[in-house]
Amino acid sequence: NNIRRQYLYRLNRTPVTTSGNVVLASQAEVDAFATTGISVVDGNLTIGKVSGAVPADTISDLSGLRNLKQVAHNITINTTYGGENLSGLENLEKAGGLKIGAVKSLTDISLPGLHTIGTQLSISSVTAMNIHMPALAFVGEDLIVKSDSMRKADFGELKTVGGSMLFNGTNGTSTKNPMTSVSFPTLESVG
């Protein structure tokens with residue numbers, strides 16, 4: 001009948017949510033998390049054991065978390081994390097809080113999709129050299145960065161820090177590298 005029709009389909013994805021706390025204590029658990037398709041953790045997310053024998057207890061690859069968009073409470077990255085960066089968390093948009101412990105291998109902290117942290121952002125690392133959080137607009141409480149090696153920190157969209165801000169380059173004996181760039185071009189309010 002030569003009638004031409006055009007259809008428009010729109011794909012709407014429903015977030016896959018898990019309730020309660022998620023503890024990923026091994027690389028195998030991080031890898032298995034990928035198969036769940038979970039994008040929202042309605043609780044805390046803990047990455048790595050509090051202490052352990054490296055490399056036996058080391059998580060070094062977070063690509064299994066690539067679907068993760070939101071964690072309702074705190075994300076804690078413990079000292080046994082052995083990766084140099086946070087690749088795998090680039091799609092994270094919102095977290096209740098973020099605490100990165102004294103991870104000795106972590107040099108680059110890049111969370112390009114993260115726009116909101118409800119409570120505290122705390123980074124304590126001897127080796128972290130670069131922080132790149134260009135979309136982060138809101139930190140509900142304190143923003144704390146402690147690193148002997150910090151060179152650059154980019155918080156390009158940060159407008160509000162509800163508590164105090166602390167940048168400390170003496171997490172050990174002395175500053176190893178001078179900080180060369182800290183960027184807060186849109187900051188409007190602290191405390």
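Where does serine 149 lie? You'll find serine 149 in the loop between β12 and β13. Strand and helix names like these come from DSSP runs, numbered from the N terminus: helices are H or I with at least four residues, strands are E with at least two. Keep in mind that this is a predicted model, where local features need pLDDT of at least 70, side-chain atom pairs count only at pLDDT 80 or more, and totals for chains, interfaces and linings use all residues. Residues are numbered from 1 along each chain as its sequence is written, and side-chain values use heavy atoms, with hydrogens and water left out.

Back to serine 149: its relative accessible area is 7%, so this residue is buried. Buried means under 20% relative accessible area, exposed means over 50%, and partly exposed is in between (1.4 Å probe, protein chains only). The serine 149 side chain reaches the backbone oxygen of valine 126 at 2.7 Å. That fits the idea of a polar contact, a pair of N or O atoms within 3.5 Å; within protein, one must be able to donate a hydrogen and the other to accept it, and residues adjacent in sequence count only if both atoms are side-chain atoms.

**The aromatic rings**

Next, the rings. The structure holds three aromatic pairs. Phenylalanine 155 and phenylalanine 167 make an edge-to-face pair, 6.4 Å centre to centre with 85° between the planes. Rings of Phe, Tyr and Trp (its six-membered ring) pair if their centres lie within 6.5 Å; planes under 30 degrees apart are stacked, over 60 edge-to-face, and the rest tilted. Phenylalanine 155 sits in the loop between β13 (152-154) and β14 (160-161) while phenylalanine 167 belongs to strand β15 (residues 165-168), so this pair ties together parts twelve residues apart in sequence. Phenylalanine 167 also pairs edge-to-face with phenylalanine 184, the centres being 5.9 Å apart and the planes at 80°. That second link joins strand β15 to the loop between β16 (181-183) and β17 (189-190), 17 residues apart. Put together, Phe155, Phe167 and Phe184 form one aromatic cluster.

How buried or exposed are the rings? Phenylalanine 155 is buried at 0% relative accessibility, whereas phenylalanine 167 is partly exposed at 29%.

**The core**

Nonpolar side chains tend to be buried together in soluble globular proteins. Here, the largest nonpolar core has 43 residues, and Leu86, Leu121, Met133 and Phe155 have the most contacts inside it. Such a core is a set of buried Ala, Val, Leu, Ile, Met, Phe, Trp, Tyr and Cys residues joined through side-chain atoms within 4.5 Å. Elements giving two or more residues to this core include β2 (22-24), α1 (27-36) and β9 (121-124). Beyond its neighbours within four places in sequence, phenylalanine 155 is in contact (heavy atoms within 4.5 Å) with residues including Leu121, Met133 and Pro185.

**Salt bridges**

The structure holds two salt bridges, each being a side-chain nitrogen of Lys or Arg within 4 Å of a carboxyl oxygen of Asp or Glu.

| Acid | Base | N to O distance |
|---|---|---|
| glutamate 93 | lysine 69 | 4.0 Å |
| glutamate 157 | lysine 159 | 3.6 Å |

Glutamate 93 is in the loop between β5 (70-77) and β6 (94-100) and lysine 69 in the loop between β4 (45-47) and β5, so this pair ties together parts 24 residues apart in sequence. Glutamate 93 is partly exposed at 32%, and lysine 69 is partly exposed at 35%.
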